[in-house]
Amino acid sequence: MKILVTGGIGYIGSHTCVELLKQGMEVVVFDNLYNAKIDVVDKIKEITGKEITFYQADMRDKESMRPIFEENKIDAVIHFAGLKAVGESVEKPLLYYQNNITGTLNLCELMKEYDCKKMIFSSSATVYGAPKTVPIKEDFPLHTTNPYGTTKLMLEQILTDFCKADPDWHVILLRYFNPIGAHPTAFIGEMPNGVPQNLIPYLTQTAMGIRKELSVFGDDYDTPDGSCIRDYIYVVDLAKAHVCAMTRIMEDQTTEPVEVYNIGTGTGTSVLELINAFEKATGVKLNYKIVGRRAGDIEKVWGNVGKANKVLGWKAETPLEDVLASAWKWQCVLREKGIM
Ligand code: NAD
Ligand code: WQD
């Protein structure tokens, strides 16, 4: 089984390549290196002892991807490639629509041309917007509040329309909550460019002394300790969900042209709870202060993941403290190597 993993040397893609290879699948990757480093290809081999076939290509340039399909019989695609920074998407909407939408249309045209009609798509819980209640189920209303989230929602609809037009198309949409942590080997992990926007990399850089202190964005929410709640999912558990979805789609077990799954722990954790868990897991005291709310933040977001548990046979299994320890180990390796 030969799988094309787009954006496959990025954060989630690289962890997924490891799990696919561990299951004996052949992996082909393309990436334009916009937010990834080429040495991740070697790291994946170091972890698994197996090779991947890498192409540097940009999905905005359809012909740059053609050699991939000319030189490989691709059985299915896991589509990670895309821009994902919410704040940047507000400043540069055209960049996000060009990259994420046009790029995906180019990819799908090539898939169709080369008779590859199975895709697992990286969607996001961001398509739910601010839910009226939690936990969120897959049939909750969809609503986005930023261009990034809108590209995800649009792509879900585009892929659904493809499947309606051609019954041979099968798509699984995986809506990730908040992926965090790093591979246990600390060979791969999250490598944010510049000042991290997401909580965990900012937290570990603060613990490392790279950042002066972590600002906790608000403690006046309607939550037990006043800080926002999220569903933090270990990136390796998330990667394993893709193997389950790939197995399902490749064995033609899907019962609908488009299937949708929430991929999270099903448990909400507040920012302050997460800080406490980090300090307990690592023994490192974190310097933080409570500041005002961040614009656009949603008070409570966590998923009902019963469908993924039942139908995909997948469940997040890594305790939060182990996940946070993996993030800290990764940060320590980055520091040892003088990278961050
Ligand atoms: P990432 O930035 O680490 O990985 C995305 C990869 O795609 C990068 O390696 C980047 O270089 C590549 N890429 C971007 N545009 C490209 C293009 N035009 N052509 C070729 N390659 C391109 O991000 P990630 O956290 O691994 O996210 C992977 C996917 O999961 C994204 O689609 C993202 O929207 C989605 N997602 C991420 C999160 C999260 O919090 N990390 C949550 C929900 C969904
Ligand atoms: C988590 C919590 C902050 C930083 C984003 C995207 C979403 C998805 C996942 C792509 C929030 C708090 C954060 C800090 C803080 N990405 N926080 N201080 O906003 O839940 O989701 O990443 O699909 O689309 O929106 O993640 O890590 O930014 O924030 O207090 O310095 O941590 O308020 O409650 P978020 P995050």
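## Surroundings of ligands 1 and 2

The residues forming the shell around ligand 1 fall into 14 nonpolar, 9 polar and 4 charged. These residues belong to a predicted model, in which the shell around ligand 2 is made up of 9 nonpolar, 6 polar and 3 charged residues. Y148 is listed among the closest residues to ligand 1 and also among the closest to ligand 2.

**Ligand 1**

- Ligand 1 is surrounded by 27 residues, of which D31, N35, K84, Y148 and K152 come nearest.
- At least two residues of this shell are supplied by each of α1 (11–22), β2 (26–31), β5 (118–124) and α6 (147–165), and β5 provides the largest share, with 3 residues.
- Oxygen atoms of ligand 1 lie 2.8 Å from a backbone N or O atom of Y11 and 2.8 Å from a polar side-chain atom of N35, while a nitrogen atom of ligand 1 lies 3.2 Å from a backbone N or O atom of N32.
- The protein buries 96% of the 820 Å² that ligand 1 exposes when taken alone.

**Ligand 2**

- Ligand 2 has 18 residues around it, the closest being Y148, L199, S215, R230 and D297.
- Strand β8 (residues 214–217) contributes the most to this shell, with 4 residues.
- The backbone takes part through L199, where an N or O atom lies 2.7 Å from an oxygen atom of ligand 2, and through F217, where a polar backbone atom is 2.9 Å from an oxygen atom of the ligand.
- From the side chain of R230, an N or O atom is 2.6 Å from an oxygen atom of ligand 2.
- Of the 690 Å² of accessible area that ligand 2 has on its own, the protein covers 86%.

Terms used
Residues are numbered from 1 along each chain as its sequence is written. Chains are lettered from A and ligands numbered from 1 in the order in which they are written. This is a predicted model: local features need pLDDT of at least 70, side-chain atom pairs count only at pLDDT 80 or more; totals for chains, interfaces and linings use all residues. Side-chain values use heavy atoms; hydrogens and water are left out. A residue is near a molecule or strand if one of its heavy atoms lies within 4 Å of it. A polar contact is a pair of N or O atoms within 3.5 Å; within protein, one must be able to donate a hydrogen and the other to accept it, and residues adjacent in sequence count only if both atoms are side-chain atoms. Accessible areas come from the Shrake-Rupley method with a 1.4 Å probe; for residues, only the protein chains shown count as cover. Ala, Val, Leu, Ile, Met, Phe, Trp, Tyr, Cys and Pro count as nonpolar, Asp, Glu, Lys and Arg as charged, and the others, Gly among them, as polar.
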